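This report looks at selected side-chain contacts and a metal site, taken one after another. Please keep the sequence and the structure at hand while reading.

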Amino acid sequence: MTTAQGIHHITAIGSDPQRLVDFYTQTLGLRLVKKTVNQDDVSAYHLFFGDQTGGPGMDLTFFTFPRVATGNRGAGQVTTTSLAVPAASLSFWQARFETLGVTQEPLVDQFGWERLVFYDPDNQQLELVGVDDLPADTSQVWTTSQIGVEQAIRHFHSARMLVNDKSLIEPILIQSFGYEQMAEEGDLNLYVQPGVQRSAYLELQVDPDAGPGRNASGTVHHIAFTAEDDSAQNELREQVRRLGLQPTEVIDRYYFKSVYFRTPAGVLFEIATSGPGFTADEDAATLGERLALPPFLEPHREQIEAGLTPVTVKQ
Ligand code: ZN
């Protein structure tokens, strides 16, 4: 059986693009690795925040619509995006959030990891998870003048999905993607992708009475899982089809290839290839500095740029 290789990226909807760039690059210390447009609506930015290259496993992305309605978290969504940091750094982050006025909650322990829940400027719920056994290789970690390698966000730890009925999604995780159930704690279920170095975990929160989420500003639009290459993507797509689901054809997104399908539980899933990645059209040293457009949009650059408010990364 072909297995997925953990979380590839998580895409949320945001409102003000400059405010998001300020928050994710300055407050959280991530790198804006790609500034491009939503290929299905070029009036909207598609912003990617990651480590040095925004590789699979550390790639938080946003579609931004300045006049979008406010969404709410609920069943059928990823309700918390979890980011791994060194366990000893949580007090640094608590103090930093306090100083910078970021809304945060008291630390909680779930499945043996301490977690610091916080909210971005669109009220999206995220958490920093203190991890003791992070990979020793820190060459891909992005650091800033205020956030060093001892504190920096390393990669996705997990993503929590809220569902009314576990049976509407668990078979996809286990039979199509190769996750294994690892633990259960109250209404939470923890799954792991064996052998994956980063972004190996997933959580399901099961609440039969939870109302549906409303997908707009401050909520997650979809979660993508990594396929090692094109052939793994085709295999994973077939494994999804075998459960009676209807994945799209392969769509070339230029930075990776994508297949989408909506799970019966409501969550929108994507299977994305690990490459070619964000250095396909920019040097690693200057990622994210200019508006990047895939070749099929490049002829329309002038009109596209005219429809966007410029955003910049402040030093
Ligand atoms: Zn995606």
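## A network of charged side chains

In this predicted model, R115, E127, R160 and E203 are joined to one another in a network of salt bridges. A search of the whole structure gives 15 salt bridges, and three of the individual pairs are described in the next section.

## Individual salt bridges

D122 pairs with R19 in a salt bridge whose closest N and O atoms are 3.0 Å apart. This contact links distant parts of the chain, since D122 sits in the loop between strand 7 (113-119) and strand 8 (125-131), while R19 belongs to helix 1 (residues 17-27), 103 residues away. The two partners also fall into separate accessibility classes: D122 counts as buried because its relative accessibility of 9% is under the 20% cut-off, whereas R19, with a relative accessible area of 39%, is partly exposed.

A second salt bridge brings together the side chains of D230 and K257, at 2.8 Å from N to O. Here too the pair links distant parts of the chain, with D230 in helix 4 (residues 230-241) and K257 in strand 15 (residues 256-262), 27 residues apart. D230 is partly exposed at 36% relative accessibility, and K257 is likewise partly exposed, with a relative accessible area of 26%. The third pair, R301 and E305, has its closest N and O atoms 2.9 Å apart. Both residues lie in helix 5 (residues 301-306), and because they are 4 residues apart there, about one helical turn separates them. R301 is buried, with a relative accessible area of 14%, but E305 is partly exposed, with a value of 38%.

## The zinc site

Which protein atoms are the donors of the zinc ion? They are NE2 of H9, NE2 of H222 and OE of E270, and these lie 1.9 to 2.1 Å from the ion. Along the chain, the donors follow the spacing H-x212-H-x47-E. H9 and E270 thereby link distant parts of the chain, as H9 is in strand 1 (residues 7-14) and E270 in strand 16 (residues 268-276), 261 residues apart. Both H9 and E270 are buried.

## Aromatic contacts

The search of the whole structure also finds 18 aromatic pairs. One of them is formed by Y255 and F278, whose rings are tilted, at 5.4 Å centre to centre and with 45° between the planes. Y255 lies in the loop between strand 14 (251-252) and strand 15, and F278 in the loop between strand 16 and helix 5, so the pair ties together parts that are 23 residues apart in sequence. Y255 is buried, with a relative accessible area of 2%, and F278 also counts as buried, at 4% relative accessibility.

F261 and F269 form another aromatic pair, with 5.7 Å between the ring centres and 80° between the planes. The arrangement is classed as edge-to-face because an angle over 60 degrees is required for that description. F261 is buried at 2% relative accessibility, and F269 is buried as well, with a relative accessible area of 0%. Elsewhere, F23, Y24, F49, F62, F92, W93, F97 and F118 make up one aromatic cluster.

How values were computed. Residues are numbered from 1 along each chain as its sequence is written. This is a predicted model: local features need pLDDT of at least 70, side-chain atom pairs count only at pLDDT 80 or more; totals for chains, interfaces and linings use all residues. Side-chain values use heavy atoms; hydrogens and water are left out. Donors are N, O and S atoms within 2.8 Å of the metal (3.2 Å for Na, K and Ca); water is not among the atoms, so sites may look incomplete. Helices (H or I, at least four residues) and strands (E, at least two) are DSSP runs, numbered from the N terminus. Buried means under 20% relative accessible area, exposed over 50%, partly exposed in between (1.4 Å probe, protein chains only). A salt bridge is a side-chain nitrogen of Lys or Arg within 4 Å of a carboxyl oxygen of Asp or Glu. Rings of Phe, Tyr and Trp (its six-membered ring) pair if their centres lie within 6.5 Å; planes under 30 degrees apart count as stacked, over 60 as edge-to-face and the rest as tilted.
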